[in-house]
Amino acid sequence: MITTSTALTVAKYLFGASVAATTLAAGGLWFFQRHLIYPSYVPEGSRKLVPRPIELGMPYEDITLTTRDKVKIKAYVIPARRNPVVADQLRSLNHKQRMELGDREMEKWLEEMGDEKAIEYAKSRPTVVFFHANAGNMGHRVPLARKFNVEHGCNVFMLSYRGYGLSEGRPSEHGIRIDIETAMDYIKSHPILGETKIVLYGQSLGGASCLYAGSRYRDLVSGIILENTFLSLPSLIPLVLPQLPKFLLPILLTEHWDAHHTMPLIPSTTPVLMIAGKNDDLVKPPQMIALRHLRASAGGSLKWKELNGGHNDTCLQPEYWSIIGDWLKEEIGNNPLTSNIGISTREKKEEEEESESSTNSDDYQKVTKEEALEAKKEL
């Protein structure tokens with residue numbers, strides 16, 4: 001039988017352990033929050049090895065931009081081409097053959113840039129500005145860039161934030177915002193990209209970057225695609241560090257990425273596509289539902305789709321690219337400059353077959369009050 005004194009002793013040690021855990025969590029958040037929030041060192045080698053678009057048959061321009069605080073950041077510009085290298089041309093090639101193919105395609109592209117028809121074609125296509133998530137670098141997203149560039153005929157601009165890949169500096173919300181502004185100003189003044197419709201695309205932290213860019217460059221942005229994005233770091237961190245008292249967050253947290261400050265500034269007429277992974281165990285589904293409600297409550301243009309994916313594999317779900325393709329055609333393709341958004345005949349047919357159920361799905365209905373309340377309880 002446990003005596004009263006024994007119970008008090010156990011309780012004292014348990015309380016002490018709880019206080020210690022809370023103290024460690026609070027201290028860790030204060031001292032290491034940027035290291036934890038922006039793991040640019042993951043996966044191993046991410047600060048030195050940055051895959052290039054040409055490795056997947058896409059000619060590109062390697063760009064170095066200097067921000068207003070004198071940090072040099074790296075970016076890729078991948079132009080839309082009338083005759084890109086299709087997947088069938090790459091599948092049977094070994095690494096050496098791919099490199100040889102890449103060299104030939106770079107030579108072709110340099111010749112194309114002297115052809116007015118090739119330039120006009122690139123200008124007629126939308127430009128997808130790719131903001132990556134909080135780990136890795138822009139090179140790790142080259143396969144996704146290929147989907148936009150080759151299959152959907154888009155120009156692609158992608159960058160590594162400061163402290164990521166081969167970019168200088170250390171990441172922070174303030175610094176990454178400067179990187180975003182630098183990138184958008186570059187795109188705006190670019191002789192080709194500056195004359196195209198601009199679509200922002202981001203996963204997780206990249207989605208928060210999209211919202212910031214969309215709020216700052218309202219007249220430049222024609223559409224936004226968000227995947228598995230959080231409402232704000234103050235609402236997300238308690239789910240990741242439940243032992244940390246919420247009242248400490250305003251004191252300890254320097255990084256916020258709060259959609260409450262950016263989403264309302266995006267024009268209601270700007271089309272927004274939100275894709276959420278039902279099985280996301282990092283950015284829990286209520287986070288995306290809350291974002292959806294924030295957009296819908298202001299009467300903003302919105303399409304919503306949930307897929308059976310987790311935080312990192314939603315983009316691998318079969319319906320993913322057909323959803324994006326349909327949205328690009330419906331929301332961006334109406335502009336005469338971008339009226340021919342599409343892919344090969346075979347792939348287009350597959351898209352149409354897959355999209356029959358998705359476009360008519362009740363997933364596109366407006367968020368209900370019950371959903372919003374349920375999401376609020378879980379945040």
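Which residue forms a salt bridge with K147, and how far apart are the closest N and O atoms? In this predicted model, the partner is E151, and the closest N and O atoms of the pair sit 3.3 Å apart. E151 and K147 are four residues apart in helix α5, so about one helical turn separates them. That fits a general point about helices: with 3.6 residues a turn, residues three or four places apart in an α-helix point the same way. The two partners fall into separate burial classes. E151 has a relative accessible area of 16% and is buried, because the cut-off for buried is under 20%. K147, at 27%, counts as partly exposed.

The rest of α5 gives this pair its setting. The helix runs over residues 142-151 and is mostly covered, with eight of its ten residues buried. On the buried list are V142, L144, A145 and R146, followed by F148, N149, V150 and E151. Just after the helix comes G153, which takes a positive phi of about 60°.

A similar arrangement turns up in helix α12, which spans residues 320-332. Here D326 forms a salt bridge with K329, and the closest N and O atoms are 3.9 Å apart. Both residues lie in α12, three residues apart, or about one turn of the helix. D326 counts as buried at 10% relative accessibility, while K329 counts as partly exposed at 25%. Elsewhere, salt bridges that share partners tie R81, E105, K108 and E112 into one network.

How many salt bridges does the model hold? The count comes to 18. One of them pairs R162 with D69, with 2.7 Å between the closest N and O atoms. This pair links distant parts of the chain, its two residues being 93 residues apart. R162 belongs to the loop between β4 (155-159) and α6 (173-189), whereas D69 belongs to the loop between β1 and β2 (72-78). As for cover, R162 is buried at 5% relative accessibility, and D69 is partly exposed at 34%. In general terms, side chains of opposite charge can pair when their charged atoms come close.

The loop between β4 and α6 also holds G169. This glycine is partly exposed, with a relative accessible area of 38%. G169 and V71 are 98 residues apart in sequence, yet their C-alpha atoms are 6.2 Å apart in space. Another contact of this long-range kind involves P59, which sits in the loop between α1 (4-37) and β1 (61-66). The C-alpha atoms of P59 and M106 are separated by 5.1 Å, with their positions 47 residues apart along the chain. P59 has a relative accessible area of 2%, so it falls in the buried class.

Turning to the interior, which residues line the largest cavity? The lining is made up of R177, A208, L211, Y212, W257, D258, A259 and T262. The cavity itself holds about 40 Å³ of space, and the count of cavities of 30 Å³ or more comes to one. Two helices, α7 (205-216) and α10 (259-262), each supply at least two residues of the lining. The largest share comes from α7, with three residues. Sorted by class, the lining has five nonpolar, one polar and two charged residues.

On the outside, L239, V240 and L282 form a nonpolar patch on the surface. Together the three residues offer about 230 Å² of accessible area. V240 lies in helix α8, which covers residues 233-240. At 46% relative accessibility, V240 counts as partly exposed, because that class runs from the buried limit of 20% up to 50%.

Technical notes: Residues are numbered from 1 along each chain as its sequence is written. This is a predicted model: local features need pLDDT of at least 70, side-chain atom pairs count only at pLDDT 80 or more; totals for chains, interfaces and linings use all residues. Side-chain values use heavy atoms; hydrogens and water are left out. Patches are made of residues with over 30% relative accessible area and no salt bridge: like charges are joined within 9 Å, nonpolar side chains (Val, Leu, Ile, Met, Phe, Trp, Tyr) within 5 Å. Accessible areas come from the Shrake-Rupley method with a 1.4 Å probe; for residues, only the protein chains shown count as cover. A salt bridge is a side-chain nitrogen of Lys or Arg within 4 Å of a carboxyl oxygen of Asp or Glu. Buried means under 20% relative accessible area, exposed over 50%, partly exposed in between (1.4 Å probe, protein chains only). On a 1 Å grid over the protein atoms alone, a cavity is a set of points where a 1.4 Å probe fits but cannot get out, and a pocket is an open set with protein on both sides within 12 Å along at least five of seven lines; lining residues have an atom within 4 Å of a point. Grid points are joined across faces, edges and corners, and a volume is the space filled by probe spheres set on the points. Ala, Val, Leu, Ile, Met, Phe, Trp, Tyr, Cys and Pro count as nonpolar, Asp, Glu, Lys and Arg as charged, and the others, Gly among them, as polar.
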